[in-house]
Amino acid sequence: QVQLVESGGGLVQAGGSLRLSCAASGSIFTFDRIAWYRQGPGKYRVFIASITNGGRPMYDSSVKGRFTISRDNAKNTVYLEMNSLSPEDTAVYYCNTVPNGYWGQGTQVTVSK
(Lines give C-alpha, C1' and ligand atoms only; values in the text may rest on other atoms or scores of the structure.)
Protein backbone atom coordinates (compact mmCIF):
# COMPACT_ATOMS: atom_id res chain seq x y z
CA GLN A 1 0.00 0.00 0.00
CA VAL A 2 1.29 3.43 -0.96
CA GLN A 3 0.57 6.49 1.14
CA LEU A 4 0.26 9.92 -0.43
CA VAL A 5 0.79 13.11 1.53
CA GLU A 6 -0.20 16.45 0.05
CA SER A 7 1.27 19.70 1.34
CA GLY A 8 1.79 23.30 0.35
CA GLY A 9 -1.75 24.61 0.67
CA GLY A 10 -2.64 27.80 2.45
CA LEU A 11 -4.24 31.21 2.19
CA VAL A 12 -3.23 33.40 -0.72
CA GLN A 13 -4.59 36.56 -2.30
CA ALA A 14 -6.14 36.56 -5.75
CA GLY A 15 -3.44 36.69 -8.39
CA GLY A 16 -0.99 34.89 -6.16
CA SER A 17 0.77 31.55 -6.49
CA LEU A 18 1.23 28.36 -4.54
CA ARG A 19 3.10 25.12 -5.13
CA LEU A 20 1.54 21.92 -3.90
CA SER A 21 3.47 18.72 -3.30
CA CYS A 22 2.29 15.12 -3.32
CA ALA A 23 4.84 12.85 -1.68
CA ALA A 24 4.48 9.09 -2.07
CA SER A 25 5.76 6.53 0.42
CA GLY A 26 6.90 4.31 -2.44
CA SER A 27 8.08 4.59 -6.01
CA ILE A 28 5.76 6.64 -8.21
CA PHE A 29 6.96 4.56 -11.16
CA THR A 30 4.56 1.92 -9.87
CA PHE A 31 1.73 3.96 -11.32
CA ASP A 32 0.89 4.91 -14.89
CA ARG A 33 -0.15 8.39 -13.86
CA ILE A 34 -0.40 10.64 -10.85
CA ALA A 35 -3.29 13.07 -10.88
CA TRP A 36 -4.46 16.11 -8.97
CA TYR A 37 -8.12 16.64 -8.13
CA ARG A 38 -9.88 19.33 -6.17
CA GLN A 39 -13.13 19.64 -4.28
CA GLY A 40 -14.57 23.09 -3.74
CA PRO A 41 -17.14 23.95 -1.05
CA GLY A 42 -20.37 22.15 -1.83
CA LYS A 43 -18.96 20.70 -5.04
CA TYR A 44 -17.91 17.31 -6.35
CA ARG A 45 -14.28 16.30 -6.52
CA VAL A 46 -13.02 17.01 -10.04
CA PHE A 47 -9.93 16.24 -12.07
CA ILE A 48 -7.58 19.12 -12.78
CA ALA A 49 -4.24 17.69 -13.93
CA SER A 50 -2.21 14.51 -14.34
CA ILE A 51 1.25 13.44 -15.40
CA THR A 52 2.32 10.11 -16.87
CA ASN A 53 5.38 8.04 -16.11
CA GLY A 54 6.92 9.53 -19.21
CA GLY A 55 6.26 13.07 -17.99
CA ARG A 56 3.35 13.88 -20.31
CA PRO A 57 0.97 16.32 -18.64
CA MET A 58 -2.75 16.73 -19.08
CA TYR A 59 -4.89 19.59 -17.77
CA ASP A 60 -8.51 20.44 -17.36
CA SER A 61 -9.49 23.56 -19.26
CA SER A 62 -10.21 25.39 -15.99
CA VAL A 63 -6.51 25.40 -15.05
CA LYS A 64 -4.68 25.06 -18.37
CA GLY A 65 -2.19 27.87 -18.80
CA ARG A 66 -2.18 28.71 -15.08
CA PHE A 67 -1.20 25.43 -13.42
CA THR A 68 1.83 23.26 -14.15
CA ILE A 69 2.23 19.66 -13.03
CA SER A 70 5.68 18.13 -12.70
CA ARG A 71 7.37 15.20 -11.03
CA ASP A 72 10.64 14.42 -9.29
CA ASN A 73 11.10 10.67 -9.56
CA ALA A 74 14.08 10.63 -7.22
CA LYS A 75 11.94 12.17 -4.47
CA ASN A 76 8.78 10.23 -5.39
CA THR A 77 6.98 13.54 -5.45
CA VAL A 78 4.59 15.22 -7.86
CA TYR A 79 4.13 18.98 -7.80
CA LEU A 80 1.39 21.34 -8.85
CA GLU A 81 2.51 24.90 -9.48
CA MET A 82 -0.51 27.19 -9.37
CA ASN A 83 -0.36 30.74 -10.70
CA SER A 84 -2.89 33.53 -11.22
CA LEU A 85 -5.08 32.08 -8.51
CA SER A 86 -8.65 33.26 -8.15
CA PRO A 87 -11.29 32.69 -5.45
CA GLU A 88 -12.81 30.03 -7.73
CA ASP A 89 -9.69 27.94 -7.11
CA THR A 90 -10.54 27.65 -3.43
CA ALA A 91 -10.80 23.93 -2.68
CA VAL A 92 -9.22 20.97 -1.00
CA TYR A 93 -6.62 19.56 -3.39
CA TYR A 94 -5.95 15.83 -3.53
CA CYS A 95 -3.50 13.65 -5.39
CA ASN A 96 -4.44 10.26 -6.76
CA THR A 97 -2.73 7.30 -8.38
CA VAL A 98 -3.70 5.53 -11.59
CA PRO A 99 -4.18 2.58 -11.25
CA ASN A 100 -5.09 1.54 -7.72
CA GLY A 101 -6.73 4.83 -6.88
CA TYR A 102 -4.83 5.74 -3.76
CA TRP A 103 -5.76 9.14 -2.33
CA GLY A 104 -3.99 11.49 0.01
CA GLN A 105 -5.70 13.39 2.82
CA GLY A 106 -5.81 16.63 0.86
CA THR A 107 -4.45 20.12 1.38
CA GLN A 108 -6.64 23.22 1.68
CA VAL A 109 -6.14 26.11 -0.71
CA THR A 110 -8.02 29.31 0.03
CA VAL A 111 -7.84 32.27 -2.31
CA SER A 112 -9.11 35.59 -0.99
CA LYS A 113 -10.39 38.48 -3.13
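Which side chain meets Asp89 in a salt bridge at 2.8 Å, N to O? That would be Arg66, and the pair belongs to a network of salt bridges that also takes in Arg38. Keep in mind that this is a predicted model. Besides the charges, there's an open sheet of 6 strands to look at, along with 1 disulfide and 4 aromatic pairs.

**The sheet**

- Reading across the open sheet, the 6 strands run in the order β2-β10-β9-β4-β5-β6, and the pairing is mixed.
- The edge positions go to β2 (10-13) and β6 (57-59); each has a single partner strand, so one side of each has no neighbour in the sheet.
- On average, neighbouring strands here are turned by 25 degrees against each other, direction ignored.
- In general, strands of a sheet pair through backbone hydrogen bonds, and they do so either parallel or antiparallel.
- For β4 (residues 33-39) and β5 (residues 45-52) the sense is antiparallel, with 7 bridges between them.
- If you want one rung of that ladder to click on, try Ile34, whose bridge partner in β5 is Ile51.

**The disulfide**

- Cys22 and Cys95 make the disulfide, with 2.0 Å between their sulfur atoms.
- The link between Cys22 and Cys95 is right-handed, at 75 degrees about the S-S bond.
- It joins distant parts of the chain: Cys22 sits in strand β3 (residues 18-24) and Cys95 in strand β9 (residues 91-98), 73 residues apart.
- Cys22 and Cys95 are both buried.

**Salt bridges around Asp89**

- The count of salt bridges is 2, and Asp89 takes part in one with Arg38 and in one with Arg66.
- In the Asp89–Arg38 bridge, the N to O distance is 2.9 Å.
- That bridge spans 51 residues, from Asp89 in the loop between β8 (77-82) and β9 to Arg38 in strand β4.
- Asp89 has a relative accessible area of 1%, so it's buried.
- Arg38 comes in at 10% relative accessibility, and therefore counts as buried too.
- The other bridge, Asp89 with Arg66, is loop to loop: Asp89 is between β8 and β9, while Arg66 is between β6 and β7 (67-72), 23 residues apart.
- As a general point, side chains of opposite charge can pair when their charged atoms come close.

**Aromatic rings**

- Of the 4 aromatic pairs, one is Tyr37 with Phe47: their ring centres are 5.8 Å apart and the planes stand at 80 degrees, so call it edge-to-face.
- Tyr37 is in strand β4 and Phe47 in strand β5, so this pair ties together parts 10 residues apart in sequence.
- Tyr37 also pairs with Trp103, with ring centres 5.0 Å apart and planes at 65 degrees, so that pair is edge-to-face as well.
- Here the reach along the sequence is 66 residues, because Tyr37 lies in strand β4 and Trp103 in the loop between β9 and β10 (107-112).
- Phe47 is partly exposed, at 22% relative accessibility, and Trp103 is partly exposed at 37%.
- Ring pairs join Tyr37, Phe47, Tyr94 and Trp103 into a cluster.

**Charges over rings**

- Tyr94, one of the cluster rings, has Arg45 lying over its face, 3.6 Å from the ring centre.
- Phe29 has the charged end of Arg71 over its ring, 5.6 Å from the centre.

How values were computed. Residues numbered from 1 in each chain as written. Predicted model: local features only at pLDDT ≥ 70, side-chain atom pairs only at ≥ 80, totals over all residues. Heavy atoms only, no water. Pairing = 2+ DSSP bridges. Helix = DSSP H or I, 4+ residues; strand = E, 2+ residues; numbered from the N terminus. Axes fitted to C-alpha atoms, helices over the stretch in contact; angles between N-to-C directions. Disulfide = S-S within 2.5 Å. Buried < 20%, exposed > 50% of the residue type's maximum accessible area, 1.4 Å probe, protein only. Salt bridge = Lys/Arg side-chain N within 4 Å of Asp/Glu carboxyl O. Phe/Tyr/Trp six-rings, centres within 6.5 Å; stacked < 30°, edge-to-face > 60°. Lys NZ or Arg CZ within 6 Å of the ring centre and 35° of its normal.
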